[in-house]
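Me: I should like a close look at a single part of this model, followed outward to whatever surrounds it. Please treat the matter as one connected account.

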Amino acid sequence: MSAPLPRDQEFLLPASTLFIALSLLAALLLNWLPWRGVWLALRPDFVALVLLYWCIHKPYRVGIGSAWVMGIFADVADASLFGQHALAYAVLAFGCIMLHRRMQMLDLRLQTMQIFPVLLLTYAVYAAVHWQLHGYVAWGYFLGSVVSALLWAPLTVLLQALRHPRSDPDKL
Amino acid sequence: MEHTQSFRFFNRGPSPAVRLVFFILLSLLLLFVDARYQYLEFARSGISVMVYPLQRLVAVPGMLWHQADAYFVLQGNLVRDNAQLHEQHTVDAEQLQQLQVLQAENDHLRQLLAVQQRADYPTQLAEIVYTERDIFKRKLFLDKGTQANVQAGQVVMDDSGIVGQVTRVYPWLSEVTLVTDKDHPVPVQVLRNGLRAIVFGSGDTSELALRYMPVSSDIQEGDMLVTSGIDGTYPPGLPVAKVSRIERDPAYPFARILCIPVAGVDRQRQLLILSGLPKLPERPEAVAETATDKPRKGRRKKP
């Protein structure tokens with residue numbers, strides 16, 4: 001396998017619930033940074049990305065239910081309607097639970113190609129709810145899904161690195 | 001942990017598809033209830049209490065940046081600004097004195113005519129905690145909430161004009177819908193001739209549209225639009241927008257009139273919340289049907 005991260009051979013620390021919770025919290029905080037103007041349109045959805053990561057790597061720990069709860073938090077903070085983010089994130093979690101076996105076979109580049117449609121679907125669900133309620137769609141919003149997909153590889157590398165065991169102190 | 005899970009042949013619990021359907025239905029139910037009724041405001045303010053410290057935490061880097069920025073201002077700029085402000089102050093002071101005379105005269109005339117007095121409205125200074133985070137909706141969050149007696153429906157303005165309206169109140173925060181929000185209507189009057197109209201937000205922070213004005217209506221570029229105070233939500237006489245472009249195409253019944261908001265909708269940091277608006281008598285039901293300045297379907301909350 002030519003994957004840059006041969007996950008089968010790699011020893012990763014078991015992901016503690018605390019670590020998962022902290023990564024999701026960090027993603028929420030990143031989403032809440034004061035993004036403005038063009039940056040707002042380009043803002044990647046960090047929560048969606050971290051949820052994707054955990055749904056693919058730990059599908060028994062983080063699933064549709066946790067994604068939904070994160071969605072409710074995002075709804076309150078964004079002052080969107082209750083359930084708008086929640087609905088989108090539930091669809092996202094379902095999408096990557098469907099994909100998770102396949103994703104573990106692929107390298108990061110191919111993974112990006114796989115998750116882009118899932119992200120696009122998530123964004124489309126959010127936009128569709130908004131369109132139903134308010135009757136218009138801001139098309140710039142979909143740029144965020146492209147940026148999110150591009151960030152998938154760096155984010156995966158980062159989270160994998162954080163899950164590596166620390167280097168052996170006896171070595172020094 | 002990982003290994004015990006990968007040997008699990010039979011998943012416990014319902015399949016992902018069933019879960020998905022369950023959560024989709026739950027979300028749709030919540031969406032419906034939240035969009036149609038106001039039952040969930042309590043839950044929302046409850047969760048916002050938990051979320052609030054995190055939101056403030058996130059706003060810290062931006063605030064530090066602002067403070068650092070303010071610290072490294074050149075002295076030359078300060079001197080120049082100071083001179084400019086002094087000049088402005090002198091001009092304003094003179095106008096203010098004239099205004100006081102006019103105000104007294106106006107009060108007197110209104111008393112003579114037995115018209116209801118226009119009051120001065122007490123204001124509350126609030127700071128923007130953060131701005132639009134949802135690209136669909138241009139909303140602001142201010143750092144005053146129910147703790148500071150802010151109520152939904154209050155008008156928010158800066159030093160030059162109306163910025164928006166408080167649409168939702170949390171314990172320590174309040175959410176402001178901007179006048180530039182898509183389809184947000186504000187009843188206005190042309191300052192020059194008193195022509196009544198309604199200005200709508202266009203979803204863009206630098207543009208408002210004056211709709212349903214006949215091609216022949218007397219509006220010129222550069223006209224100032226002030227609130228008419230007719231619906232009882234906005235106090236009368238506050239500047240809202242300036243007409244920037246008019247397209248009169250005889251093929252259409254209405255002229256296309258674009259305006260620029262007077263207030264720095266996307267520039268300010270401190271805003272004023274107006275309180276104590278006079279209560280107007282209830283509008284008779286039958287008339288309400290034909291009124292043009294009724295909130296449209298898209299508005300979430302009737303102020």
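Reply: The part chosen here is helix H4(A), and the place to begin is its packing. In this predicted model, the buried residues of H4(A) pack against H1, helix H3 (46-57) and H5 of chain A, together with helix H2 (16-36) and helix H3 (41-71) of chain B. The partners of these buried residues thus belong to both chains.

The helix itself covers residues 64-78 of chain A. H4(A) comprises 15 residues and reaches 21 Å from its first C-alpha to its last, close to the 21 Å expected at 1.5 Å a residue. Of these 15 residues, 11 are buried, and the helix is accordingly described as mostly covered. The buried positions start with A:Ile64, A:Ala67 and A:Trp68, continue through A:Met70, A:Gly71, A:Ile72, A:Phe73, A:Ala74, A:Asp75 and A:Val76, and end with A:Ala77.

The contact between the chains gives H4(A) its wider setting. In total, 38 residues of chain A are in contact with 36 residues of chain B. On the side of chain A that touches chain B, two or more residues come from each of helix H1 (17-32), helix H2 (37-42), H4(A), helix H5 (84-103) and helix H6 (108-134) of chain A. H4(A) gives the largest share of that side, 7 residues. By class, the side of chain A that touches chain B has 27 nonpolar, 9 polar and 2 charged residues.

Chain B, the partner across this contact, contains 5 helices and 12 strands. Buried residues account for 28% of its 303 residues. Among contacts in chain B between residues at least 6 apart in sequence, 58% join residues at least 24 apart.

Turning to the strands of chain B, 6 of them close into a barrel in the order S1-S2-S5-S4-S3-S12, with antiparallel pairing. The twist from one strand to the next averages 45 degrees. Within that order, strand S3 (residues 155-157) of chain B pairs with strand S4 (residues 162-169) of chain B in the antiparallel sense over 3 bridges. B:Val155 has B:Gln165 in S4(B) as its bridge partner. Strand S4 of chain B also holds B:Thr167. B:Thr167 counts as buried because it has 20 C-beta neighbours inside 10 Å. From B:Thr167 to B:Gln154 the C-alpha to C-alpha distance is 8.0 Å, and the two residues are 13 apart in sequence.

Chain B also has two hairpins that share strand S7. Strand S6 (residues 185-190) of chain B and strand S7 (residues 196-201) of chain B run antiparallel and are joined by 5 bridges. In this pairing B:Gln189 stands opposite B:Arg196 in S7(B). The hairpin of S6(B) and S7(B) has 5 residues between its strands, and B:Gly194 in the turn has a positive phi of about 75 degrees. S7(B) then pairs with strand S8 (residues 208-210) of chain B, again in the antiparallel sense, over 3 bridges. Here B:Phe200 has B:Ala209 in S8(B) as its bridge partner. S7(B) and S8(B) form a hairpin with 6 residues between them, and B:Gly203 in the turn has a positive phi of about 90 degrees.

To return to the starting point, H4(A) is mostly covered, and its buried residues pack against helices of chain A and of chain B.

Notes:
Residues are numbered from 1 along each chain as its sequence is written. Chains are lettered from A and ligands numbered from 1 in the order in which they are written. This is a predicted model: local features need pLDDT of at least 70, side-chain atom pairs count only at pLDDT 80 or more; totals for chains, interfaces and linings use all residues. Two strands pair if DSSP finds at least two bridges between them. Helices (H or I, at least four residues) and strands (E, at least two) are DSSP runs, numbered from the N terminus. Two residues are in contact if their C-beta atoms, placed from the backbone, lie within 7 Å. Ala, Val, Leu, Ile, Met, Phe, Trp, Tyr, Cys and Pro count as nonpolar, Asp, Glu, Lys and Arg as charged, and the others, Gly among them, as polar. A residue is buried if 20 or more other C-beta atoms lie within 10 Å of its own, exposed if 12 or fewer, and partly exposed in between; C-beta atoms are placed from the backbone. Axes are lines fitted to C-alpha atoms, for helices over the stretch in contact, and angles run from 0 to 180 degrees between N-to-C directions. The expected span of a helix is 1.5 Å times one less than its number of residues.
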